[in-house]
Amino acid sequence: MIGRISARRHYDKSLGYDFLKVKYIQNTGKLSVEMKKWLCLVCDLIYDEAEGWPEDGIKPGTRWEDVPDDWACPYCGVGKEDFEMIEITSSDTPSKKVALEQETTESQVNQALDPVVIIGGGMAAYSLAKEFRKLNTETPVKIISRDDGKLYYKPNLSCMLSQKKFPDDLIMSQDLTVELIPYTEVVAINRQNKQLDLGHDVIKYGKLIFATGAGVIRAPVTGDAVDLIHGVNDLLDYRKFRADLVGKSHVAIIGAGLIGCEFANDLLNSGMHVDVIDIFGHCMSNLLPEPAARALEKELSAIGCQFRFGNKVEAVNKTGERLTLTLSNGDELETDLIISAIGLRPHTDLARMADLSYNRGIIVNKYLETSDPDIYALGDCAEVEGHVLMYVEPLLISAKALAKTLTGSRTAVQYGPMPVIVKTPACPVVVAAPATDAQGQWVIEADKTNVKALLKSPDGETLAFALTGNYTKEYKTLRESLPDILND
């Protein structure tokens, strides 16, 4: 009699991977796996065929090959080609990939046991800890966080409301052998003795990593309601924003950059009235050429966004239960809640106190080393060979390289082309911004709000691009034609 195919899901915490326990099929001598899981190589989201992705209309049981080709990772926006199957053929015989991650080499065992200490409790910290643990299971790792240290996917802060999700829905599980020290500030760094003063305690480090991120640039306004302006840059900020949003119907956003436009789209899709104020003449002025920006503006305006370009917010004052913004052109605008989205600035204060080199961010070389050979920096706080890249992909690349360096294999970061997918479903946008010193001319192809803008060098090389609407489907092909951002 031919046996029934049977499979049960199993999560092995020691490996950090979900895989399938598979039963033997009688009379066939074969093993069969009913469902597979696929790992996003950018943000580590897992697509489980058994569960599907109902939020995007993909029913449970949908095989990977039956997932629409244009489906994008709901966390980071990359396409199907950036997913990898987690290949497990038997619960007793894990894949080569997992087996390698379990392996402990002699060099790892010989690593000094002074702890690796990471200052910061965000994606950069946890990404580095995860990559480090793949290579070294012995050396203690400590993460010092100013907040509760919950792991979450930060880019989704600007698109949760219309998905009817709450702040806690952002939190991701993690199972790493690390010591989390939450709600703690580093008071001082003693580089000579390799110690951190935490105020209530002093801890020693072998290697120290800054993963302190960036902070919101506050809008330079006056008035008696300045303290009521929201800057949403982490989960604690977002909790307060969502709490204050209850019962409100009108939101004003200061800044029409990437984050401002993402928040505007999310709020509009949730039934809010939204005004966006910006001193420049169009959306995302630091990233998009005007034709692409006008396409985004048109589509956001079509769903109710009111743009007020060429204006600066001079003052914010209380007017009963509401807030009044005074603009530089003399207009006044009443609203219920205000978000400041004019940009982020790397956290460098602690590095300055420790007398480390800094500029826009904490200055590091291509090995992510600061001016102290035992101290490193990665993520939004780092200025890598002159580049400050506040996106997920460079962060993950940096974590992989630095983990190798910390475990004895000095590895330089290499940044290839890294287009950014903007979460504005009213008008899809993908942009690969030009280098600051790029010399060229924009070549525009447009059909209504579908825009393809290519920055061409004098010799015809594509240096950057901005795509909107239907043209965003071409970004993977165009990416291959761009120069690397940083390589050897």
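Begin by selecting helix H8 (392-406), which gives three residues to the lining of the largest cavity, the largest share of that lining. A cavity here is a set of points, on a 1 Å grid over the protein atoms alone, where a 1.4 Å probe fits but cannot get out, and lining residues have an atom within 4 Å of a point. Helices (H or I, at least four residues) and strands (E, at least two) are DSSP runs, numbered from the N terminus. The model is predicted: local features need pLDDT of at least 70, side-chain atom pairs count only at pLDDT 80 or more, and totals for chains, interfaces and linings use all residues. Residues are numbered from 1 along each chain as its sequence is written, and side-chain values use heavy atoms, with hydrogens and water left out.

**Around the cavity**

Next, select Leu378, Gly379, Ala382, Val384, His387, Leu389, Pro394, Leu395, Ser398 and Tyr415, which line the largest cavity. Besides H8, strand E26 (382-384) gives two or more residues to this lining. The volume is about 60 Å³, where a volume is the space filled by probe spheres set on grid points that are joined across faces, edges and corners. The structure holds one cavity of 30 Å³ or more. By class, the lining has seven nonpolar, three polar and no charged residues. In this scheme Ala, Val, Leu, Ile, Met, Phe, Trp, Tyr, Cys and Pro count as nonpolar, Asp, Glu, Lys and Arg as charged, and the others, Gly among them, as polar.

Now select Glu385, in the loop between E26 and H8. Its phi is near 50°, a positive value in a residue other than glycine. Most residues other than glycine have a negative phi. Glu385 counts as partly exposed because its relative accessibility is 42%; buried means under 20% relative accessible area, exposed over 50%, and partly exposed in between (1.4 Å probe, protein chains only).

A second positive phi, near 55°, is found at Lys194. To see Lys194, go to the loop between strand E11 (188-190) and strand E12 (195-197).

**Strand E28 and its partners**

Select strand E28 (residues 429-432). Val429 and Val431 point one way from this strand, Val430 and Ala432 point the other way, and all are buried. Two strands pair if DSSP finds at least two bridges between them. Strand E27 (residues 420-422) pairs with E28 in the antiparallel sense over three bridges, and the two form a hairpin with six residues between them. Within this pairing, Val420 has Val431 as its bridge partner. Strand E31 (residues 462-468) also runs antiparallel to E28, joined by four bridges; there Thr468 stands opposite Val429.

**Two open sheets**

Strands of a sheet pair through backbone hydrogen bonds, either parallel or antiparallel.

Select E19, E20 and E21, which form an open antiparallel sheet in that order. Strand E19 (313-319) and strand E21 (332-335) stand at the edges with a single partner strand each, so one side of each is left without a neighbour in the sheet. The twist averages 25° from one strand to the next; axes are lines fitted to C-alpha atoms, for helices over the stretch in contact, and angles run from 0 to 180 degrees between N-to-C directions. E19 and strand E20 (residues 322-327) share six bridges, and Val313 has Leu327 in E20 as its bridge partner.

Move on to the parallel open sheet of four strands, ordered E18-E17-E16-E22. Its edge strands are strand E18 (306-309) and strand E22 (337-340), each pairing on one side only. Neighbouring strands are turned by 20° against each other on average, direction ignored. Strand E17 (residues 273-278) and E18 pair over four bridges, and Val276 stands opposite Phe307 in E18.

**Two loop residues**

From E17, follow the chain to Cys283, in the loop between E17 and helix H6 (290-302). Cys283 counts as buried because its relative accessibility is 0%. Leaving aside neighbours within four places in sequence, its contacts (heavy atoms within 4.5 Å) include Phe307, Phe309 and Glu297. The C-alpha atoms of Cys283 and Glu297 are 6.5 Å apart, with their positions 14 residues apart in sequence counted as their separation.

Finally, select Leu176, in the loop between strand E9 (141-144) and strand E10 (179-181). Not counting residues up to four places away in sequence, Leu176 touches Tyr126, Ala129, Lys130 and Arg133.

**The whole protein**

Zoom out to view nine helices and 31 strands. Of the 488 residues, 49% are buried.

Technical notes: 1 Å grid on protein atoms, 1.4 Å probe; cavity = no way out; pocket = protein on both sides within 12 Å on 5 of 7 lines; lining within 4 Å.
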